[in-house]
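Please read the following account alongside the model, moving from the lining of its main pocket to the sheet, the helices packed on that sheet, and a few local details of the backbone.

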Amino acid sequence: MASISVDGIDLNHTLEGPEGAPVVAFSNSLGATLAMWDALLPALAGRYRILRYDTRGHGGSGTRDTRTEIADLSGDLVGLLDALGIARAHCVGLSLGGMTVQDLACRMPERVISATLMATAARLPSEEMWNERARTVREKGLGALVEATLGRWFTPGFAEREPASIQAVRERFVACDPVGYAACCGAIGRMDLRPRLGALKAPTLVIAGREDPSTPPTMAQEICDHVPQAELVVLPKAAHLLAVERPDAVGSCLRAFLDRSG
């Protein structure tokens, strides 16, 4: 792994795969790290150059205790692409990462070959709920939220089938910087990307988990309603962190989409 400073914030990242291949940039969920994509990577191995990074305040990336907007997070991704000399990329994001990709694809369409939006939304009310979550984390740390969060992230029974996966996700969640997590909560609470989605012209794949209580399929459909060329896939037996719970199905969908969007 390596670190690059973007606007004064160090972004932890990895870049791997064949040089000269199309780049696929992955943006992680709130409370996760670039490791959330590990099980998905074999589906793209040898065909694409894979860029993963930790969103500010997550994993090995730094943060800043200031008001943060989704545009700041997409700016981080652009700055990272610039620093690595990558002009255009297929952009993939889940939850907060999907919001980051939406913003980037709308503001700077020339940088986005395609957009894959997983378990995400264009608006996620309410602002007060997100502000309350930020206050809780600042006062009590991420441990105060971890069990409720894991309950939303995975379907019942997944923890019994994959205890090691759940434990790894739990450890990365509680290790997040409370300040960085809280700042991202504020960005989500203030976000409303719906009026701008008409500017999203790149080929777009939207993937939702049928059992996702955080960003249910209705929110995925709302994105598709504003992006006429978008495709929607609803995965059964999947909740919010579907790239971890259903990596084979997600990887198959993603690879097919990327192959025809190049």
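In sorting lining residues by class, Ala, Val, Leu, Ile, Met, Phe, Trp, Tyr, Cys and Pro count as nonpolar, Asp, Glu, Lys and Arg count as charged, and the others, Gly among them, count as polar. By that scheme the lining of the largest pocket in this predicted model comprises 10 nonpolar, 5 polar and 2 charged residues. The pocket holds about 240 Å³ of space, and of the 17 residues that line it, those nearest its centre are Trp130, Arg133, Arg152, Ser214 and His240. Helix H3 (127-140), helix H4 (146-153) and helix H7 (178-190) are the elements that give two or more residues to this lining.

The structure also holds 1 cavity of 30 Å³ or more, with about 40 Å³ of space inside. Its lining is made up of Gly31, Ala32, Thr33, Met36, Trp153, Val169, Arg172 and Leu241, which divide into 5 nonpolar, 2 polar and 1 charged.

Turning to the fold as a whole, the protein has 10 helices and 8 strands. The C-alpha trace spans about 45 × 40 × 35 Å along its principal axes. How does the radius of gyration relate to that of a compact globule with 262 residues? The protein has 17 Å, which agrees with the value near 18 Å that such a globule would have.

The 8 strands form an open sheet of mixed pairing, and reading across this sheet gives the order S1-S2-S4-S3-S5-S6-S7-S8. Strand S1 (2-6) and strand S8 (230-235) are the edge strands, each pairing on one side only. On average, and with direction ignored, neighbouring strands of the sheet are turned by 25° against each other. Within the sheet, strand S3 (residues 23-27) and strand S4 (residues 49-53) run parallel and are joined by 5 bridges; Ala25, for example, has Leu51 in S4 as its bridge partner.

Two of the helices can be placed against this sheet. Helix H1 (residues 70-83) packs on the sheet and touches S1, strand S2 (9-16), S3, S4 and strand S5 (89-94), with a direction that makes about 115° with that of S1. Helix H10 (residues 247-261), for its part, lies across S3, S5, strand S6 (112-118), strand S7 (204-209) and S8, and runs at about 160° to S6.

The loop between S6 and H3 deserves a separate look, since two backbone details can be followed there. Ala119 lies in this loop, and its phi is near 45°, a positive value in a residue other than glycine. Ser126 is found in the loop between S6 and H3 as well, and the peptide bond that leads from Pro125 to Ser126 is cis, with omega near 0°. Helix H3, which the loop leads to, brings the account back to the largest pocket, where H3 is one of the elements giving two or more residues to the lining.

Definitions and conventions:
Residues numbered from 1 in each chain as written. Predicted model: local features only at pLDDT ≥ 70, side-chain atom pairs only at ≥ 80, totals over all residues. Heavy atoms only, no water. 1 Å grid on protein atoms, 1.4 Å probe; cavity = no way out; pocket = protein on both sides within 12 Å on 5 of 7 lines; lining within 4 Å. Points joined across faces, edges and corners; volume = space filled by probe spheres on them. Helix = DSSP H or I, 4+ residues; strand = E, 2+ residues; numbered from the N terminus. Pairing = 2+ DSSP bridges. Axes fitted to C-alpha atoms, helices over the stretch in contact; angles between N-to-C directions. Contact = heavy atoms within 4.5 Å. Rg over C-alpha atoms; globule rule 2.2 N^0.38 Å.
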